[in-house]
Amino acid sequence: MDEKSLFIEFMGDSPTIRVLDYLLTERDLDFSITDMAKNAGIGRTTLYSIWDSLIKNKIIVHTRVIGKAKLYKLNKENFKIKKLIEIDDRLMIEDLKKRSKKIEVTA
């Protein structure tokens with residue numbers, strides 16, 4: 001993750017926020033722990049250090065097993081996650097509006 005997302009800029013850069021940002025972006029898909037860590041730009045050890053909190057707070061839920069890999073996804077039924085989705089969506093909409101205004105001015 002070379003360039004910070006709008007969500008990370010708004011919420012701050014921490015391993016938990018990076019995982020949330022990734023899961024919010026790919027909210028309809030499920031991932032293994034390895035894929036989640038890699039795509040969030042953190043190490044597996046770092047992900048394991050926050051894993052219990054993600055499970056305890058019902059931020060992620062187990063979805064299925066493929067071979068030896070357990071897959072997890074964002075718990076979109078969690079009230080707090082619903083609010084984070086709203087924030088993420090609103091940040092994207094505001095950014096798109098700003099970009100479209102810049103295009104109108106330069107055109």
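The buried residues of helix α3 have a cover that includes α2, α4 and β2, and this helix makes a convenient place to enter the structure, which is a predicted model. The residues in question are Ile33, Met36, Ala37 and Ala40. They lie on the same side of α3, because the arc they cover around the helix axis is only 95 degrees.

At one of these positions, Ala40, which is found in helix α3, the relative accessible area is 0%. Ala40 therefore counts as buried, a term that applies under 20% relative accessible area. Although Ala40 and Thr16 stand 24 residues apart along the chain, their C-alpha atoms are separated by 9.3 Å. Just after α3 comes Gly41, whose phi is positive, at about 80 degrees.

From α3 the view can be widened to the secondary structure of the chain, which consists of five helices and two strands. Followed along the sequence, these elements come in the pattern α-α-α-α-β-β-α. Along its principal axes, the C-alpha trace spans about 55 × 30 × 25 Å.

The next topic is the interior. Of the 107 residues in the chain, 34% are buried, and the largest nonpolar core holds 26 residues, among which Val19, Leu20, Leu23, Met36, Leu47, Trp51 and Leu54 touch the most other members. Two or more residues of this core come from each of α1 (6-11), α2 (15-25), α3 (33-40), α4 (44-56), β2 (69-74) and α5 (79-106), and the element that gives the most is α2, with six residues.

Leu47 offers a closer look at how such a residue is surrounded. When its neighbours within four places in sequence are left aside, Leu47 is in contact with Val19, Ile33, Met36, Ala37, Ile42 and Leu54. Among these partners, Ile33, Met36 and Ala37 also belong to the buried residues of α3, so the path returns to the helix where it began.

Contacts can also be considered for the chain as a whole: of those with a separation of 6 or more, 46% are accounted for by residues 24 or more positions apart.

Turning finally to the outside and to charge, the accessible surface of the chain comes to about 7400 Å², and carbon and sulfur atoms hold 54% of that area. The chain carries 21 positive and 17 negative side chains, and a distance of 5 Å lies between the centres of the two sets.

Conventions:
Residues numbered from 1 in each chain as written. Predicted model: local features only at pLDDT ≥ 70, side-chain atom pairs only at ≥ 80, totals over all residues. Heavy atoms only, no water. Helix = DSSP H or I, 4+ residues; strand = E, 2+ residues; numbered from the N terminus. Buried < 20%, exposed > 50% of the residue type's maximum accessible area, 1.4 Å probe, protein only. Contact = heavy atoms within 4.5 Å. Areas by Shrake-Rupley, 256 points an atom, 1.4 Å probe, with all protein chains shown as cover. Lys, Arg positive; Asp, Glu negative; His and termini not counted. Charge placed at Lys NZ, Arg CZ, Asp CG, Glu CD. Core = buried A, V, L, I, M, F, W, Y, C linked by side-chain atoms within 4.5 Å. Arc of directions from axis to C-beta.
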